[in-house]
Amino acid sequence: MLHHTFIKVRGYHLDGYQHVNNARYLEFLEEARWGYLEQHGDIEHFEQLGLAWVIVNININYRAQATMGQQLRIDTEFSAINTKSSIIHQKIWLEGTDTLVADANITFVCLDKKTGRAVVIEGDLKDRLQPRLANNNAEE
């Protein structure tokens, strides 16, 4: 399931070179992931189960610059479900073009909030995530 988030580049997103500061892209990606979770009702569901998704790794590639006033489209989708982690792949596009501004893979573990330990992604948890995979195939 692909989710789209739109963000307009504002002056406060810029660095001294007048393009989006690299750290702002991480904020854009986070905003898009929250939108994805809200759309699918995951925040409430995982909260009820006492689970939290925690980032353990981010790999981001900066491909092109974005400047003030431009509209960005962020595409978000699950790309892998592993035994104890999952990966969300995100792409930031300059809206209305085929210009890829950045892409990232964000690895999460599902944490039991009581124990502070990662849980195995299986059963109902895996069943909830499985249909969201970009290629609809789980990795083991």
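Start by selecting E30: with 40% relative accessibility, this residue counts as partly exposed. Here buried means under 20% relative accessible area, exposed means over 50%, and partly exposed is in between, using a 1.4 Å probe and protein chains only. E30 sits in helix α1. Helices (H or I, at least four residues) and strands (E, at least two) are DSSP runs, numbered from the N terminus.

Before moving on, a word on the model. It is a predicted one, so local features need pLDDT of at least 70 and side-chain atom pairs count only at pLDDT 80 or more, while totals for chains, interfaces and linings use all residues. Residues are numbered from 1 along each chain as its sequence is written, and side-chain values use heavy atoms, with hydrogens and water left out.

**Stop 1: around E30**

Keep E30 selected and add I81. The two are 51 residues apart in sequence, and their C-alpha atoms are 19 Å apart in space.

Now add E31, E38 and E44 to E30: together these four gather in a patch of negative charge on the surface. Patches are made of residues with over 30% relative accessible area and no salt bridge, with like charges joined within 9 Å and nonpolar side chains (Val, Leu, Ile, Met, Phe, Trp, Tyr) within 5 Å. Lys and Arg count as positive and Asp and Glu as negative, while His and the chain ends are not counted. The place of each charge is taken as NZ of Lys, CZ of Arg, CG of Asp or CD of Glu.

Which element gives the most to the negative patch? Colour helix α1 (residues 22–40), which contributes 3 residues. E38 lies in this helix, and with a relative accessible area of 55% E38 is exposed.

**Stop 2: the aromatic rings**

Stay on helix α1 and show the side chains of Y25 and F28. These residues are 3 apart in the helix, so about one helical turn separates them. Both Y25 and F28 are buried.

A pair of aromatic rings is described by the distance of the centres and the angle of the planes. Rings of Phe, Tyr and Trp (its six-membered ring) pair if their centres lie within 6.5 Å; planes under 30 degrees apart count as stacked, over 60 as edge-to-face and the rest as tilted. By this rule there are 4 aromatic pairs. In one of them, the ring centres of Y25 and F28 are 5.9 Å apart and the planes stand at 85 degrees, so this pair is edge-to-face.

Next, select F46 and W53. This aromatic pair is also edge-to-face, at 5.6 Å centre to centre and 80 degrees between the planes. F46 is buried, with a relative accessible area of 5%.

Go back to Y25 and F28 and add Y62: the three form one aromatic cluster.

**Stop 3: the nonpolar patch**

Y62 leads straight to the next view. Y62 belongs to strand β2 and is partly exposed at 41% relative accessibility. Select L26, I55 and I58 along with Y62 to see a nonpolar patch on the surface, with about 320 Å² of accessible area together. Accessible areas come from the Shrake-Rupley method with a 1.4 Å probe; for residues, only the protein chains shown count as cover. Strand β2 (residues 51–62) gives the most to this patch, with 3 residues.

**Stop 4: the salt bridges**

How many salt bridges does the structure hold? There are 5, each being a side-chain nitrogen of Lys or Arg within 4 Å of a carboxyl oxygen of Asp or Glu.

Begin with K113 and E47, whose closest N and O atoms are 2.9 Å apart. K113 lies in the loop between β5 (100–112) and β6 (117–118) and E47 in helix α2 (residues 42–48), so the bridge ties together parts 66 residues apart in sequence. K113 is partly exposed at 45% relative accessibility, and E47 is partly exposed at 49%.

Then pick D103 and R63, which meet in a salt bridge at 2.6 Å, N to O. This pair links distant parts of the chain, with D103 in strand β5 and R63 in the loop between β2 and β3 (71–81), 40 residues apart. D103 is buried, with a relative accessible area of 9%.

Finally, show R73, D75 and E95, which are linked in a network of salt bridges. Between D75 and R73, the closest N and O atoms are 2.9 Å apart. D75 counts as buried at 9% relative accessibility, whereas R73 is partly exposed at 21%.

**Last stop: H89**

Select H89 in strand β4 (residues 85–94). Is H89 buried or exposed? At 17% relative accessibility, H89 counts as buried. Add L2 to finish: H89 and L2 are 87 residues apart along the chain, and their C-alpha atoms are separated by 9.9 Å.
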